[in-house]
Amino acid sequence: MKIKPATQLSFLNNILFLLGILGVLVLSFFLINKYDKIIDESSVPATIPVSFLKKESSLLEVLNHFNDHTIFLSVNDEASAKMSATLRSELIKIGGDTLANIGMRQSYTGLLRNGVFTKETIQDSLPTSIKRERAEIHSAGNYAGNYSYLLLDAIKHPAESRGLNLFVVNKLNQLVGLWNFDFYAQEFPLSSAKNGQGTSSIQTIEIVIKSKHYDKLKAKRKEALTNKILISSDGDLVPANLFFKDESYKVRMRLKGDWTDHLKGDQWSFRVKLNKDDAILGMHKFSLHRPQTRNYAGEWLYHQMLADAGIMNLQYHFVMVVLKIEDGLNFKVKNLGLYALEESFDKQVIERNQRREGIIMKLDENLLWKERAAFINGKLNISDLQFFNFSPYEQMNVIPFSVKRVVSDSTLFKHFLTGSSLFRDFINRKKLPSEVYNVPLLAKYQAITNLLGANHAMAAHNYRVYYNPVTSKLEPIGFDGNAGRKSYYFQDYFGSENDVIYKKAYVKAVEEITSDEFMEKLINWPGFKEIVILIKNHFPEYEWLENTLIHNQKTLMKKINPIQSLRVNFVDIKNGNFNVSIDNFSRFPVEIHSLIYKGKRSFTTLTEPLILPHSSRTTVAFPLDHNYNNLFTNKKKKKAGFSFKEDILKIQIQYNILGSSQLRTEKVLPWNNELNKHAYDDPFQKVPNAHEFDFLIFDEKAKTITCMAGFWQLQKPLTIPPGYIFVVGPGCRLELTSRFISIFSFSPIHFIGTPTNPVEIFSDTNNGGGLFVLNTQDTSIIQNCNFYGLSNPGTKGWSVTGAVNFYEANVRMAHCSFSNNRCEDALNILRSHFEIRNTVFTDIKSDAFDGDFAEGTLRECIFLDIGNDAIDVSGSKLEIDKCIVKNAGDKGISAGENSEITAANVTVINSEVAIASKDKSVFFITNSKFENNRLCFTAFQKKPEFGPADIAANGIEFLNCQLEHLIENGSSLKLNGKSVETVKEVKGKMYGVEFGKSSKERVKNN
């Protein structure tokens, strides 16, 4: 080996040393620039030192410090009394001549840019203002009302103090701070900022993306512009970092939209997905798009109205978006401006809308867009597409959102199979909307959609539907309406043309939302005017025309109440009947009631209103009694009895559009059209089977269905129709004999036994179903009733969780017992009010009492030998008093998902966890005892879309418990008035890891 001379080695060492120093400098430069806010002219200006914001400064010091900002000035009350001549002279130097000469109690506004006054206004006894782009400054001196405020992006920032107010705004149109100088009180006033740097009610989303990933999006955009349609897939997703409210998130994003209006200029539309453990405003997935693509403010109002009506809806907000493209050591920044943020379809949509976890589905429209792209690339114009028959809806697959989650969860997958079957039968026109949908919600949904001109949402490939696993019905979800447009034609819901039940509900919904009271509410919808101003400030060409809503209201009213709906022809008077033929040529069914004379006197009324479908023709026989001739009298002409010649033109038929409360009349034409008679069967009636049980007694006058005393075995499911009270009294024992044998009641139930002779609903074979009460108008009453050996009602494709269930059905219960159930919950109450007292739950397989979005009380109840939680509520408000829990396998009382529990005089013995509060729940407990429990109190956050939880406990007695509390950071426990210490990651210690049902088995096995 050749040995190098020492001088050569020294030279090489020096070179290596210099290269090392250079590398360190390059790395340092990279790291500094990596995290520094490098920006172009459209992005946020340099950070303002917090020290200056807090510092007491003079007027000139603030003006000099922010000479590269926009400064708005205004006066509240008075700002001239002690303003010195020196200050007035300095103001003149920078163009503030008007301010320099301001007089006592005058109104004044001014605007500075780049350290120079560019505009000033002044008034003696009137308010004054200056408007610039997205900001407007207002002033009223002492003689004009005493106010001062800045309107910035539709957000009002008031200055409450007397004097001259400075509003400093940065290049992103954010309010940096407000300074107040009271020249009435002193000659040299000082002020610090009244609010922090960059504050604004419109939040900013900043997205940082590497240039190679941005180039991938750009290439996809170029492809879409070439094809005139964007065809997207998850393969288009690229990684990025997102910053929102001082938090950073790793996300994946892609371009979003179908037509290329989503890709104009730099304002592209994006679909953003966060990691499963992260959430922004409770969302894991959302879209960002230009407000124009959903017709600006209209879509916001659309979702607000749906939410107000209890219809499933999406979060829809407006945010500022900044895009930073990272290229090595440099950043290119694009201030994209105002965007709409729209929630994507995920389980959080279901939870936020207070529904049970289920499936959201749609038609797979991918094939439709591929066909459209092929036609367009074949040199056809978009306007030509209407003449071509693309793949019909019947050929499109029904698919769920979050496919992986659905197929990996057996319960969700079962729900999907059932829900998709209903949706597919609906799309194939095998079932009517009223057979598969929640009719009142769907009717209100279409009415709102029509009123707002959101016809784009009415195309079936835009339908988004939720399968409610409790009711086994579909519910619509508002989506992509392009709302706020004037409409001359209102599209009907798919397949509803001949659905009488649905049409009736729709007419009723339209009458409600087109009433003067509702329109007043709509036009003055809270926050809407501010949203319109916000959008107009960013898009000056935008105008919201209030008369659009008035136009749609009047057009909708004419649709359901046309000038004429019927043509009525006289046929004959024969066999004691007055016979007429009726053509209903309206778009809605009608109810025929009676014939009236001279517009007021009814002389024959049908026993039950007759429903005539739309576009139908039939002959109606009105029965006449022997006295009807007495109505047709004319003493002057000495005429008695009906005279065709003199009376037929005075006869009208009285009717209403089905679902409408407005009675209408139509004259009877005095000739016969000789119409053929048609018989119409009503295919929409659902006949309940309660009449098939010979031990049930119907009392139509009292509207009761009463079970005879005795022991009865149900060999088939029993369904109680609405409009009755189902009464079961002492001495009644109903046995459910097999798995799919359950009791379903659409009427309130009165199960009332005695202490010595209780009502019993049971299964001796441990194979029977359970009880499901839903959608009742009145409260159910249950006393001295025993439920045992039951399971959850269900079929092969549908089920609920409780052995006994109340859904939107209020209930009062006392002196009852639940035992030996074989399903998830012994008693499940959902979206209902309840009062339960002196009730015992024993030998329960899983949860004893489960309440979801419910409100009520539990008093003097006992829970013994519970497999999981004794009391478990979500999204509910509950009062507990004098209850005992012993041997709960998991939690004694559990509050989740924004629940509120108030408890007193509670005893929890020998349970895994006594009290748990999680996910933004609040738990108040007093004068209670905990004995032989592994853990007494725990509070933590389980789901990212919620927040920490709190417990306040006073008068608590602990006996032989292993651990008194385990509280996660951010959550809290005040025990006897003192806050306890908190720890990290409580969630990771629960659910059988260290505490919970499974931990017992783990300890036993070890």
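Let's start with helix α7, residues 297–308, in this predicted model. The helix has 12 residues, and at 1.5 Å a residue they should span 16 Å; the end C-alpha atoms sit 17 Å apart, so the expected and computed lengths agree.

Now look at what surrounds α7. Of its 12 residues, 9 are buried, so to speak mostly covered. The buried set is made up of Ala297, Gly298, Glu299, Trp300, Leu301, Tyr302 and His303, plus Met305 and Leu306. What do these buried residues of α7 pack against? Two strands, β15 (316–327) and β16 (330–343), and three helices, α13 (439–451), α15 (516–523) and α16 (528–538). Just past the end of α7 you'll find Gly310, with a positive phi of about 80°.

One of those partners, α13, leads us to the largest nonpolar core, which has 105 residues. Inside this core, the residues with the most contacts are Phe423, Tyr437, Tyr493, Phe578 and Ile592. Helix α13 supplies the largest share of the core, with 8 residues. Apart from this core lies another one of 81 residues, including Phe693, Leu714, Phe751 and Val804.

Zoom in on Phe423 for a moment. If you ignore its neighbours within four places in sequence, Phe423 touches Met361, Lys362 and Leu363, along with Val398, Tyr437, Tyr463, Val465 and Leu474. Tyr437, then, turns up both as a contact of Phe423 and among the residues with the most contacts in the core.

Next, go back along the chain to helix α4, residues 85–93. Which residues of α4 are buried? They are Leu87, Arg88 and Leu91. Seen down the helix axis, the buried residues of α4 fall within an arc of 100°, which is why they line one face of the helix. Turned away from that buried side is a face carrying Ala85, Thr86 and Lys93, which are exposed. On the buried side, α4 packs against helices α3 (59–65) and α5 (97–100) and against strand β3 (116–123). Here too a glycine with a positive phi follows the helix: Gly95, near 90°.

Finally, step back to the whole protein chain. It holds 19 helices and 63 strands, and 54% of its 1006 residues count as buried. Take the contacts between residues at least 6 apart in sequence: 59% of them join residues at least 24 apart. As for the outside, the accessible surface of the protein chain is about 45,500 Å², and carbon and sulfur atoms account for 51% of that.

How values were computed. Residues are numbered from 1 along each chain as its sequence is written. This is a predicted model: local features need pLDDT of at least 70, side-chain atom pairs count only at pLDDT 80 or more; totals for chains, interfaces and linings use all residues. Side-chain values use heavy atoms; hydrogens and water are left out. Helices (H or I, at least four residues) and strands (E, at least two) are DSSP runs, numbered from the N terminus. The expected span of a helix is 1.5 Å times one less than its number of residues. Buried means under 20% relative accessible area, exposed over 50%, partly exposed in between (1.4 Å probe, protein chains only). Contact means heavy atoms within 4.5 Å. A nonpolar core is a set of buried Ala, Val, Leu, Ile, Met, Phe, Trp, Tyr and Cys residues joined through side-chain atoms within 4.5 Å. The arc is that of the directions from the helix axis to the C-beta atoms. Accessible areas come from the Shrake-Rupley method with a 1.4 Å probe; for residues, only the protein chains shown count as cover.
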